[in-house]
Amino acid sequence: EYKVLVIGGFATTRRLTGEAGHRYVARANLSTVEIGRLMAEYLKGRDDVKRVATIAPDYEFGQHFVQDFLAHLKVVRPDIVVVRQEWPKLGATDFAAHVTALQAQPVDMVVAGVFGGDLINFLRSAHDFGLFGPKTQLFVHGIDLVKMGTLKDLVPPDTIATAWYPFYAIGTQKSKSFAQEMEKRMKTYPTGPAPVGYIAGRMIIEAIRKSGTADDVDRVINALGTVAFEGPTGPVKVRACDNMALYDFYVGTVK
């Protein structure tokens, strides 16, 4: 209605860009489609994983996260059995019932889309009930959306996790200077949202520079699909079909 350009940061719904898209909306992060595919691809070589359960919050993000993960899992590992799906309500603080439900049948892996405060509360209950151990592994999305120091006594051994910004493992000068500047300003190390916010800002700045105007929004949007620059994680490129930024995303084992 107002023809204002909106850059989404950490809005992962696929409806924001790829599925429906909107000329005046862009995104500085991945959607659940890419996240789900990446996590399913990781399991392609894990022959020891035969039975999985999922847990994700019961609103659009969690529902799409599980849908997109399972859709690609059927393609790359159709032999994996999905034993259970748990859906904690938004804002839930007690995860005991969900943890005991996940324990009801043996599973090789719990794939989790809970994050932030939900992740902390889930891990506390999982720790108290002994959900994870030699027979059951955790695979969690977006572990660095909270500070790892907060999770250090709760994360099970050999947890697999996706991360937006493992700054400690990226040796480029751009990443080092970015992390140092973050620490200088915030008095702490950067978490996952830091590079996403940076990329959102740079998308607007570079589109204005390329279009030569800050007043003609349509010209700025036309330029947005040609934007490319160096971000904290390496090269960033905005794809023209829906103005979504693409850049390195990470998965690894927590040590």
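The exercises below work through ring pairs, salt bridges, one helix and some backbone angles in a predicted model.

Residues are numbered from 1 along each chain as its sequence is written, and side-chain values use heavy atoms, with hydrogens and water left out. Because the model is predicted, local features need pLDDT of at least 70 and side-chain atom pairs count only at pLDDT 80 or more, while totals for chains, interfaces and linings use all residues.

**Exercise 1. Classify the ring pair of Tyr 165 and Phe 167, then follow the rings onward.**

Step 1. Rings of Phe, Tyr and Trp (its six-membered ring) pair if their centres lie within 6.5 Å; planes under 30 degrees apart are stacked, over 60 edge-to-face, and the rest tilted. The structure holds 13 aromatic pairs.

Step 2. Between Tyr 165 and Phe 167 the centres are 6.0 Å apart and the planes meet at 50°, so this pair is tilted.

Step 3. Phe 167 also pairs with Tyr 168, at 5.3 Å centre to centre and with 70° between the planes, which is edge-to-face.

Step 4. For accessibility, buried means under 20% relative accessible area, exposed over 50%, and partly exposed in between (1.4 Å probe, protein chains only). Tyr 165 has 2% and is therefore buried. Phe 167 has 23% and is partly exposed, and Tyr 168, with 62%, is exposed.

Step 5. Ring pairs link Tyr 165, Phe 167 and Tyr 168 with Phe 178, Tyr 189 and Tyr 198 into a cluster.

Step 6. One ring of this cluster, that of Tyr 189, also has the charged end of Lys 147 over it, 5.1 Å from the ring centre. The criterion is NZ of Lys or CZ of Arg within 6 Å of the ring centre and within 35 degrees of the ring normal.

**Exercise 2. Describe the salt bridges of Arg 46, Arg 202 and Arg 239.**

Step 1. Side chains of opposite charge can pair when their charged atoms come close. The rule for a salt bridge is a side-chain nitrogen of Lys or Arg within 4 Å of a carboxyl oxygen of Asp or Glu. The count by this rule is 16.

Step 2. Arg 46 meets Asp 48 at 2.8 Å, N to O. Arg 46 is buried at 18% relative accessibility, whereas Asp 48 is partly exposed at 47%.

Step 3. Arg 202 is bridged to Glu 206, with 3.0 Å between the closest N and O atoms. Arg 202 is buried at 18%, and Glu 206 is buried at 12%.

Step 4. Arg 239 and Asp 242 meet at 2.8 Å, N to O. Arg 239 is partly exposed at 24%, and Asp 242 is buried at 8%. Through shared partners, salt bridges join Glu 34, Arg 239 and Asp 242 into one network.

**Exercise 3. Compare the span of helix α7 with the expected value, and place the bridge of Arg 202 and Glu 206 in the helix.**

Step 1. Helices (H or I, at least four residues) and strands (E, at least two) are DSSP runs, numbered from the N terminus. Helix α7 covers residues 193-211, a run of 19 residues.

Step 2. The expected span is 1.5 Å times one less than the number of residues. For α7 the expected value is 27 Å, and the helix reaches 27 Å from its first C-alpha to its last, close to that expectation.

Step 3. Arg 202 and Glu 206 both lie in α7, 4 residues apart, about one turn of the helix. The buried residues of α7 include these two, along with Ala 194, Ile 199 and Met 203.

Step 4. Gly 212 follows α7 and has a positive phi, near 80°.

**Exercise 4. Locate Lys 3 and Lys 187 and state the sign of phi for each.**

Step 1. Most residues other than glycine have a negative phi, and most peptide bonds are trans.

Step 2. Lys 3 has a positive phi of about 55° although it is not a glycine. Lys 3 lies in the segment before β1 and is exposed, with a relative accessible area of 53%.

Step 3. Lys 187 has a positive phi near 60°. Lys 187 is in the loop between α6 (173-186) and α7, and is exposed at 71%.
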